[in-house]
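Here are some notes to read alongside the model, written for someone opening it for the first time. Please keep the viewer at hand and look up each residue as it comes along.

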Amino acid sequence: MKLKTLWIVVVLLIVLLPQAHAQKGAVFVEHYGNPIANLTTQNKAIVQTLQGDMLIANAQGVVHYNGHQWQRIDVKATVYDLLTDSATVFTAGRMSFGYLKRNLTGQLVYTSLMTTHKKLPKHPGNFYSIGKTDQHVYFLSKKLLVEVDKKKLKITRFWQSKPQKPYQGLVTFQNKVFVNMAGEGLHQLGDKKLLPTLKGSKGAKFKDIQITSTFASKYLPFFTASDNSVYRYDGTLWQKLVLQDQKYLHEHTLTTGNAIGEKYLALGTLDAGVLVVEANTGKTLFVINDQTGLPDDEILAIGVDQQLGLWIAHSLGVSRAALNVPVKGFGHYPGLLGSMTAVTHWQDKIYVATNEGVFYLHKTDTYAELIKHITNEKVEKKKPVVTKIVTEVGGGTVVGNLINKAFGRKKKKRVIYRKVPQRQVKTATSQATKELLQKRLYNLRSFPYFYQKVDGFDGKVTQLLALPDQLLIASNNGLYSYQNKRVKLVLPKVYVHHLLYQDEMLLVATSKGLISLQSKTNVWVVHDRFAQLKLPVYSVAKIKNNLWLGSENKAAKVQLNADNHYQRHQVFELPQYYLENVQVANLQNKPVLFLSDGVYRFNVTKKQFERDRLLKMLNLPYQTIQHQDKHVWTNFRGRWVDMQSLKTTQYLSLFTKISDIYQDKQGFLWVIHDNGLHKLGLSYTLRGKRLKVLVNRVFDHQNKDLPFDKIRVHQGTKAYGVNIRLKVPYYLNETSVEYQYRMKGGKKGWSKWQSSPLLTFNMLPRGKHAIEIRARNGLGEESRIKEVKVKIIPPFWKTWWFYLIEVLVLLSLVFASAASSRFQKFERYSYILTFVTIITVFEFIVLSLEPSVDEFSGGVPVFKLFMNIILAISLNPIERKLAMWLSKSKHRRYN
């Protein structure tokens, strides 16, 4: 009976699984883990603010992430739900609810709403759901439904649940509010109270289920329920969605969901990851679980950002699935062994090489191989271990036994055979296999492909070269050929570094030198061993009738005769301080060397290789991949460029540990990155909003926050400055984001791109300044220019009204000096006033010109010293001239 049941399950799996949607690669997933130390991973909701920041409801408050920095916002309670409404984010939590809003300095500040109504019960329960209409926000606990005015941010009304009939869910859409009551079903909020929904809507059918999550697309609301179903409201009826993988949800418990744009839904489960489905057809697009790149299958919350990225909270932290990126993973499928080294496409199949062999990606219509692998598991039955124990018959005291041994009296021996208790090993029964098949159904659902090993070859592969009729395998122990499902040895016991097939000749670069082969009747025959070279070869390029070889710190040119045999060679030494395997490539029929300190080109006149100065890139990251003759990939400071076409693929910047790149005939790129295989597509349909750069924080040199709307910095005698910290709400390889700025109207132009989001401006001159800022991501996308206005306020002694007072004081001194000189009794005071006036005028001129001169001289105090010397030299003559003028004026008056 058990065996019959097993076969029924197997047959059902074989029949039903092929009908499921075959996932073409896994979604690109990035993991943030638990980004803040000592923070719990109990996350309940994820939303995005109007500015683009991500907020996560956590058991220890609200977690805030702006694309550059993670921080925790303390709201004095565990938070269960979040809702974004314009510039306000409402929070629902343990025994409380409130909102987050930015202050003048741009920081999110929490305010509780519990105290805005005096009659609110003291024990309202835990608020776990939030909804909104045009004018109000609603908070729901099992005991209360609370209404809050959006503008006034105060509680207007609340409704208590009936005894033994707690609230079980809240759904809001447009101006309709629905509440599900235990034992009664769905109710709609009227003018003053909750009313049962009309019979036509069948609201009573929800009386025994609980709403687990609510979400809405642009036009329709949805909710997930405890019966593992998804419901949609069309304006009149609540209808259950017909989903392709409804059985998958039933078996693994639907827990949460969210809308992705207008057409797609993301559904989270308790132990099987996330399904991405089409809302109208119910068709499954993606399965995201621990078999396809997600660290854990227990889904706690799902959020969606403006780039249509899917944020997934699980028990190991937070991950993000980039649905709108044409990058799909193929390295998670079962069957691969070892670390990946090379990839190629041959005879309509993808071949992947590792350090343990060669594998090809196989798609089956029945999954029979996978099921056979599970059901044919054998468990060896071990025989119980028997231990021989020898004991002496008869007892005795310790002293008596010692005496018997001393005088040779022996006791009879008894042999006992005992079975030593062994640890029980569970054997594979038909029932256990049946349960295994049922529990791991989602594994098979996630695996439309698997890797099949190429029989007959084991070892480390350095390169795969696909020819029309065979696949060549270069390894660290020889060269092999794979044809007609058979592996043949071509060159034994050589370390093959590079293969090049050109002009019907195969060039093999090995640690022992260069070998050329030709195929004759499907058999490779050695054409030339180039015994005269006597140097290791790591790369080879053929240009006309010459071979260019890369060796250790040197390159070589080999001239061939008409029969492609060795004629002569020449070696070119390279000025390297350490051993380096030279990579040589044919670019536009010219030899080019790729070294760690740059690109070298051959100077025909000087007959030597010289570094290319036009690139202006010293200390280049050394990595060049040329496993295809038509493509030479080089990493220029994190940006991969095909040197043959001088084109780049923007999505290659997502990967930092690339070991191989292969471009198939359709133009798709297959990339091995960090022991994973990814396929880069040419286009995608889901698109998010354009990149934008925002101001995150503004503060002065004393770390004091400044308001965003009016950035004012007071100029003083000591150092002063303004610091602007930027942010880009872009969540795909965030570390690749760079920033640039310029002073509007300035002559210096744009600054160099920098990875730091902090811009510092010290000692800006007084007045108004407009700073233009822009950002770009690793894909090369640039944001719009954002303008930040800064005003430097001078001290009072540098204001126009203070200068006016100074001028008036000077004029008063001159007038007083002239007036006093007319009277003989004030003549002494007249000289003093004249002396003070001269000094004051000099100091006024010095102080007025000093800032301009300091800027010109770089702050060297030469000007002030020079002016003081002039003042000292000219003070006495000027004073005498002025005294004589005043004296003449006085005599003219008396005469």
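1. Let us begin with F796, which sits in the loop between β65 and α7, the latter spanning residues 800–820. Is F796 buried or exposed, or something in between? With a relative accessible area of 48%, F796 is partly exposed, because that class lies between the 20% limit for buried and the 50% limit for exposed. Please keep in mind that this is a predicted model.

2. F796 also belongs to a nonpolar patch on the surface. Its partners there are W800, W801, L804, I805, V807, L808, V809 and L811, and the patch as a whole has about 920 Å² of accessible area. It is a good place to pause and turn the model around.

3. From the loop of F796 you can step back to β65, the strand of residues 786–793, where you will find K791. K791 is partly exposed, because its relative accessibility is 31%. Which residues join K791 in a patch of positive charge on the surface? They are K710, R712, K768 and K789.

4. Now for the overall picture. The chain has 895 residues, and 48% of them are buried. Nine helices and 65 strands are found in the chain. About 48300 Å² of the chain is exposed, with 54% of that area supplied by carbon and sulfur atoms. Of the contacts between residues at least 6 apart in sequence, 52% join residues at least 24 apart.

5. Next, have a look at Y80, placed in strand β6, residues 79–85. At 24% relative accessibility, Y80 counts as partly exposed. Leaving out neighbours within four places in sequence, the contacts of Y80 are K44, A45, A57, A92, G93, R94, N126, F127 and Y128. How far apart are the C-alpha atoms of Y80 and F127? They are separated by 7.2 Å, although the two positions lie 47 residues apart in the count along the chain.

6. F127 turns up again when you move to S141. The loop between β11 (136–140) and β12 (144–149) holds S141. S141 is buried, because its relative accessible area is 0% and the limit for that class is 20%. Beyond neighbours within four places in sequence, S141 is in contact with P124, G125, N126, F127, Y128 and Y167. N126, F127 and Y128 are among the contacts of S141, and they are also among those of Y80.

7. F215 is another buried residue, with a relative accessible area of 6%. You will find F215 in strand β18, residues 211–216. Which residues does F215 touch, not counting those up to four places away in sequence? They are P221, F222, T224, G257, N258, A259 and L265. Between F215 and T172, which are 43 residues apart in sequence, the C-alpha to C-alpha distance is 8.9 Å.

8. The structure holds 20 salt bridges, and a few deserve a visit. K162 and E184 form one of them, with their closest N and O atoms 3.3 Å apart. This pair links distant parts of the chain, 22 residues apart: K162 is in the loop between β13 (154–160) and β14 (167–173), while E184 is in the loop between β15 (176–181) and β16 (185–189). Both are partly exposed, K162 at 43% relative accessibility and E184 at 21%.

9. Two further pairs are worth a look. The side chains of K453 and D458 meet in a salt bridge at 2.8 Å, N to O. K453 is partly exposed, with a relative accessible area of 23%, whereas D458 is exposed, with 62%. D74 and R72 also pair through their side chains, with an N to O distance of 3.9 Å. Here D74 is partly exposed at 39% relative accessibility, and R72 is partly exposed with a relative accessible area of 41%.

10. Finally, which residues does K727 join in a network of salt bridges? K727 is linked there with D53 and R102. Try showing the three side chains together in the viewer.

Terms used: Residues are numbered from 1 along each chain as its sequence is written. This is a predicted model: local features need pLDDT of at least 70, side-chain atom pairs count only at pLDDT 80 or more; totals for chains, interfaces and linings use all residues. Side-chain values use heavy atoms; hydrogens and water are left out. Patches are made of residues with over 30% relative accessible area and no salt bridge: like charges are joined within 9 Å, nonpolar side chains (Val, Leu, Ile, Met, Phe, Trp, Tyr) within 5 Å. Accessible areas come from the Shrake-Rupley method with a 1.4 Å probe; for residues, only the protein chains shown count as cover. A salt bridge is a side-chain nitrogen of Lys or Arg within 4 Å of a carboxyl oxygen of Asp or Glu. Lys and Arg count as positive and Asp and Glu as negative; His and the chain ends are not counted. The place of a charge is taken as NZ of Lys, CZ of Arg, CG of Asp or CD of Glu. Helices (H or I, at least four residues) and strands (E, at least two) are DSSP runs, numbered from the N terminus. Buried means under 20% relative accessible area, exposed over 50%, partly exposed in between (1.4 Å probe, protein chains only). Contact means heavy atoms within 4.5 Å.
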